[in-house]
Amino acid sequence: MKAVLVVHGGAWAIPDELAEASVKGVKAAASEGYRVLGTGGSALDAVEKAVRAMEDNPVFDAGHGAVLNADGEVELDAIIMDGQTLGSGAVSCVQNIANPVSLARAVMEKTDHVMLTSRGANLFAERIGFKTAPTETLVTAYERREWEKAKEYGAGVKELFHSQLCHDTVGAVAVDSCGNVACATSTGGIRNKMVGRVGDSPVIGAGGYADNRSGAVSCTGHGESILKVTLARLIIFHIEQGKEVEDAVALSLRYMDERVHSGGGAIAVSPSGQWAATFTTERMAWAAAEQGTLWYGLNPQERVQDKPVQ
Amino acid sequence: MNCCRNSEHCSAYMDQSKRRRGRREGDGRKSYRPSLRKERSKRLSLCLVGMLPVLVVHGGAGQIPKERVEMASAGVRAAARAGYAVLQGGRSSMDAVVEAVTNLENNPSFNAGYGSVLNVKGEVEMDAIVMDGRTLASGAVSAVRNIANPIQLARLVMEQTSHLCLTAGGAGQFARAMGMPEVPGDSLITEYARMRWKKNLAPNANPVESQMGKMGTVGAVAVDEDGNIACATSTGGMLNKMEGRVGDTACIGCGGYADNRAGAVSPTGHGEAIMKVTLARLILFHMAQGMSPEEASDLGLATMKERVEGLGGVVTVDPQGRWAARFTSTQMAWAAAQGGTLHFGVFSGEDVTQDIGDPS
């Protein structure tokens, strides 16, 4: 079985000053996740590892580096899904957790539930001994500055330009040497969102979906639009209908644009190792590792081959 | 085409379809001459007018105890009548489903609003969703407390914010900002809910099995005169759930989905299982492939049973007004209103009809 891992660091109009760090970040995350697969690790372990790497990287809007809500606080969402069992774990609006994707995995493996929110999610984290991270350690100076600016201009104007909004949710999909697929997505949401706003990332079928029978998907973009078309599940549906992975993603993004006038991006992988990283926004930082080779991109149609992955 | 249940008013269509069948038997080929296509679509639009509006509600899938069956059935019938009256008044499918679900939230016999099951701490946390099939707009709340009608708050999320889902404290904050009255948590708790909670605190209790027992999530789907489709679902969630547990109800594509192009679904049953197969969305995918609401619903529920061993039920409607109320659990209280007739049932295969004006 061909092991493949793909990651994304968010689909939006990534400004030039963040471009290099974003590309570096996704390449590093892909390498880390691929190493797990290379040593016979599971797709689930690999996607968690890759997403943790991006949560720890302050350039992305997930874990460290998350954007702030209307009250100037950090509220994090994440999901992980195991294509073998359709098992899934998700957290929404959890606070002071550095690696929400790992908390999401704990929800899947240590509870009978699929999703925990807010204070309940935090209580669970406490109960299982998850370390809390003070808000100041999660928020960058850059984000504080941008948040102050956004407060000045108000959210209304920003809504018109969905892709201009910082949307660097992170995600990963993988297929391991046993043919099992998995996905994971993590985010701090959108800057200045209402307190308690839940986007697509932790919602199964929207921010991510994985099924050994067809593949795994992780999405990024304007959360509300992704939710309306249940983007991840839509991509999987097209794969189920026999479409190539790349076509399934392209078709679904086109549909989202047609129905709800929004751009976005998605990464997807099939059990046979076909993969895609496609977006309709200005940019999306992504990287993929397969057969010892690392690929990456940022701008549309870009697909650069990098040196072999260790 | 398995059209409406009143094929008498569509006898012209039936004749035409007989003629088509005859031609097919003759030369073995299906042929649709352009003139026939136009005629067929004219018949269809006659059918459409005859079929709409329609509203279907459910009051939860499970194993309703004998003594509660009549309460549940009476409740869904009352809700269906209330929602249908809205449609007959020319108002929208969104207004109708919210009316029907509000009615069920206010009815303590159901696991939504007043009468919600309790979380492990003995408190009420509620989830709800609405979706507008015309625009794919949606509003949802999860783990919200101290309000009587989460479905109305979900609608406000859709109409008054640029978001689709608000949770917990944030949802409560929004409710206050909207002037929604805050109610004491206790006022939503019934003796029955408290009794079930205590019982399930026992170490060998099985809340999942129990959940598939006594009380259910409520929901409604509707198509109005203009052909606009909507769905609404509301719940107190799972018996003795962990604090902050969010089930399918607040998750678009799982606890509800509506699309003018395909139809609407409102599920009930084991929330985690519904989420894993994104049940509402799955059923509509099948309908988009040409299946009837009944076939699609049965296939979706069978998939859920096969893949994740989950039981449940759905109410489903398509743009032509065909509807279905299907379930794999032992019972599901449901009622459908269409063309002046009320259909309802609780047990598998049951479909009782009465005039909608009949007060019982």
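# A walk through a predicted two-chain model

Start by selecting chain B and showing its surface: the accessible area comes to about 13,500 Å², and 49% of that belongs to carbon and sulfur atoms. Keep in mind throughout that this is a predicted model.

**Stop 1: chain B as a whole**

Switch chain B to a cartoon view and colour by secondary structure. You should find 11 helices and 13 strands. Of the 360 residues in chain B, 62% count as buried. Among contacts in chain B between residues at least 6 apart in sequence, 65% join residues at least 24 apart.

**Stop 2: a cis peptide bond in chain B**

Now select B:Leu52 and B:Pro53 and show them as sticks. The peptide bond joining B:Leu52 and B:Pro53 is cis, with omega about 0 degrees. To find your bearings, look for the loop between α2 (34-51) and β1 (54-62) of chain B, where B:Pro53 lies.

**Stop 3: chain A as a whole**

Move over to chain A and keep the cartoon. Here the secondary structure comes to 10 helices and 13 strands. Measured out along its principal axes, the C-alpha trace of chain A spans about 50 × 45 × 35 Å. A compact globule of 310 residues would have a radius of gyration near 19 Å, and the 17 Å of chain A agrees with that.

Add the surface of chain A, and about 10,800 Å² is exposed, with carbon and sulfur atoms supplying 48% of it. Of the 310 residues of chain A, 67% count as buried. For contacts in chain A with a separation of 6 or more, residues 24 or more positions apart account for 67%.

Colour the charged side chains next. Chain A has 28 positive and 38 negative side chains, and the centres of the two sets lie 1 Å apart.

**Stop 4: the nonpolar cores**

Which residues have the most contacts inside the largest nonpolar core? Select A:Ile235 and A:Trp275: these are the two, in a core of 100 residues. Centre the view on A:Trp275 and bring up its surroundings. Leaving out residues up to four places away in sequence, A:Trp275 touches several valines, namely A:Val4, A:Val6, A:Val245 and A:Val269, along with others including A:Trp286, A:Trp295 and A:Arg303. There is also a second, separate core of 61 residues, which includes A:Ala3, A:Trp12, A:Ala53 and A:Ile97.

**Stop 5: A:Trp286**

From A:Trp275, step across to its contact A:Trp286. A:Trp286 is found in strand β11 (residues 283-290) of chain A. Is A:Trp286 buried or exposed? With a relative accessible area of 2%, A:Trp286 is buried. Beyond its neighbours up to four places away in sequence, A:Trp286 touches residues including A:His8, A:Phe279, A:Tyr296, A:Glu302 and A:Arg303. For a distance to try in the viewer, pick the C-alpha atoms of A:Trp286 and A:Glu48: the two residues are 238 apart along the chain, and the atoms are separated by 16 Å.

**Stop 6: the loop between β6 and β7**

Select the loop between β6 (181-187) and β7 (208-211) of chain A, and pick out A:Gly196. A:Gly196 is buried, with a relative accessible area of 1%. Which residues does A:Gly196 contact, leaving aside its neighbours within four places in sequence? Show both chains, and you will see A:Glu75 and A:Cys93 from chain A together with B:Cys165, B:Leu166, B:Thr167 and B:Gly170 from chain B. A:Leu76 is 120 residues from A:Gly196 in sequence, with 9.8 Å between their C-alpha atoms.

A:Arg197 is found in this loop as well, and it is buried, at a relative accessible area of 3%. Its contacts outside the four-place window include A:Glu75, A:Asp77 and A:Glu224, and across in chain B they include B:His163, B:Cys165 and B:Leu166. By contrast, A:Glu17 is 180 residues away along the chain, and its C-alpha is separated from that of A:Arg197 by 28 Å.

**Stop 7: two positive phi values**

Stay in the loop between β6 and β7 and select A:Asn192. Phi of A:Asn192 is near 70 degrees, a positive value in a residue other than glycine. A:Asn192 is buried, with a relative accessible area of 14%.

Finish at A:Thr230, in the loop between α8 (223-228) and α9 (231-240) of chain A. A:Thr230 is not a glycine, yet has a positive phi of about 40 degrees. A:Thr230 is buried too, with a relative accessible area of 2%.

Definitions and conventions: Residues numbered from 1 in each chain as written. Chains lettered and ligands numbered in written order. Predicted model: local features only at pLDDT ≥ 70, side-chain atom pairs only at ≥ 80, totals over all residues. Heavy atoms only, no water. Core = buried A, V, L, I, M, F, W, Y, C linked by side-chain atoms within 4.5 Å. Buried < 20%, exposed > 50% of the residue type's maximum accessible area, 1.4 Å probe, protein only. Contact = heavy atoms within 4.5 Å. Helix = DSSP H or I, 4+ residues; strand = E, 2+ residues; numbered from the N terminus. Rg over C-alpha atoms; globule rule 2.2 N^0.38 Å. Areas by Shrake-Rupley, 256 points an atom, 1.4 Å probe, with all protein chains shown as cover. Lys, Arg positive; Asp, Glu negative; His and termini not counted. Charge placed at Lys NZ, Arg CZ, Asp CG, Glu CD.
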